[in-house]
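Student: Could you take me through one part of this model closely, and then show me how the chain around it is built?

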Amino acid sequence: MRVTWSGGGSLSFRLDPDDEITGTASDDYPIKLAINSCTVGGVPDDAHPDLFAVAAWTIVAPWTRRRITFDRAVSAELAQVLYEGWGVEAGPVGAEPRRPGSRLAISYSGGADSVAAATMYPDAPFIHFRRVTHPRVPNRWPHYRSDVLAKLAEQTGRELSTVTSDLEYTLAEPRPGYPEHHAVAAGALLLADRLDLGGLGFGYEMGSRWLGGGRYLWRYTPDNPMWSPHGRWGRLFAAAGVHIVLPVGGVSEAVTMRLALGSGLRPQVRWCLRGTDGPCRVCGKCLYKELIQAAVERRPLDTPIKPDHPAARKYLKKPPYGGQEMIQYGLSRVPGIENTLFGPALDYFDVSEEATSWLEHCYPPALAEIPEPWRATAAAFVEANVGLMSGPEVRRVETWGA
Amino acid sequence: MMRVLVPARLRKAVRTWFDSRYISISDHRQDIRDALWEVQTLRREMVTLQSEVERLRQARPAAPPPPPQQSAADKAKIDDARRLAQETAKALDGVLQNEILVWQAIDELRAAQAEAQEKQTAAVQAAVDQSAVVQAPMDQSTVDPSTVGQSIVDDSAVDVSVVAKVAAERSRGEQGRAEEQPCA
């Protein structure tokens, strides 16, 4: 793979003979390449070469087999991490490593999880990734209202950098999206020098970090390759002086929901990618989040979705489901759930409140993982607003899926 | 229990004092009547609202009647446009992917060519070095002339000079060609 950054944050990449247009993301999900160019806008042209390299790697990693050639020399340390993590030879080598900056920024999507992370650090600047269309790939997904989300981010009143990018269109299958989950940080990486960043906070919560959430399911993942600090991505970001920080990595989506809706950013919270004036209420994500919100607020489910709706169909089948711990949590706490479309799923779970109370506390190792400069703030916040898990609750996490 | 005789006047005074602290029975009755009236009013309102909801619910499906306005020809056209759009988008996906693969192949060929060229250049250099070695002693007239003659008519030396010329032309061609960007 040979990557070239040109002015205005344009990235183009060419495949070596070993490379392929099919690959897998770090979560083992099979993906296919659509086009070998994209742009990351709203970023400076003079970032450290290691930042350019990591930003490019978040986009080209799935397609690269043996070698990557950057258009500017990277540090030997970064090349070493790439070799150890992916078995890929990186070059040319010759730059001094980048020193971590002093600030933490929040990769802010506007969803409940990143809002909860933002609440922990009231002074942290936001970096918002805004999808824009690719000049060469037809946009068949106009229902994705990234403009609405960007506007909401502006209304938070926080220090905000909006990065515009079409990098998701480099993915042909399953559909536009991040080639690696870390590609959402491409713009943040390129801004790291300008904002003096030493860490980047993501809204990934316990399900994503410890319970194998997202596209792979149902197992305890202390060595999560994407989000653990000692995993290959964690080490790569650290080598570029931008540590991955998961402020809410130890709490469930029930807690992030409660924190987000109880925060000053409540009017701007939006997890739905489709709605304009409010959440659309009819997509799969709205249904999932409504279950969690209803459970947190202890009220009946309020959704127009009927059991024959495509978003509801998966809950008529057997588990596992994505975000299964939260489904179980919702089933055990929403009054009248047996009369909703989730009724059939009740048979598969222990829906007593005791069985799910561990999801209301923080898994302590998640706090220990937060880099030292930002750990105390997170720990104090968790102590004041959440509380730590007890021994048996910790075991629930560590035997998840076993 | 001990009973104590209390003067009637005092008893009355105490009773009046107590009574003054509580609402009278008639007031209570009035309150209850008012509450009942309130409940009945609300019930009537609920019934009205429910019938209103029912009416709106009935009215809603009737609201969007225009669809049958579409003629069969229009529908065919719309369907065709949709099919065409979808097929075009899908075909374009293939074109873009092929473009990546074509560039991959071009780069591979170029790399192979450059490698071959490098080898040839090295061979030319070797030949030149060799003749230099041979010629230098000749200038100094310290070498047997017959050996020098052999060297000049050496096959490989002739070959190499032709190859070097071709290679030089090729490299000029390469320089003349703009470096295409796949996305320019």
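Tutor: Helix α1(B) lies largely in the open, because the number of buried residues among its 13 is 0. Here a residue is buried if 20 or more other C-beta atoms, placed from the backbone, lie within 10 Å of its own, exposed if 12 or fewer, and partly exposed in between. This is a predicted model, in which local features need pLDDT of at least 70 and side-chain atom pairs count only at pLDDT 80 or more, while totals for chains, interfaces and linings use all residues. Residues are numbered from 1 along each chain as its sequence is written, with chains lettered from A and ligands numbered from 1 in the order in which they are written.

Helix α1 of chain B covers residues 8-20, and its end C-alpha atoms are 18 Å apart, which agrees with the 18 Å that 13 residues should span at 1.5 Å a residue. The expected span is 1.5 Å times one less than the number of residues.

Now for the rest of the chain. Chain B has 5 helices and 0 strands, in the order α-α-α-α-α along the sequence. Helices (H or I, at least four residues) and strands (E, at least two) are DSSP runs, numbered from the N terminus. Of the 184 residues in chain B, 2% count as buried.

Chain B also meets its partner: 14 of its residues are in contact with 15 residues of chain A, contact being C-beta atoms, placed from the backbone, within 7 Å. On chain B, the touching side divides into 8 nonpolar, 3 polar and 3 charged residues. Nonpolar covers Ala, Val, Leu, Ile, Met, Phe, Trp, Tyr, Cys and Pro, charged covers Asp, Glu, Lys and Arg, and the others, Gly among them, are polar.

Key:
Two residues are in contact if their C-beta atoms, placed from the backbone, lie within 7 Å.
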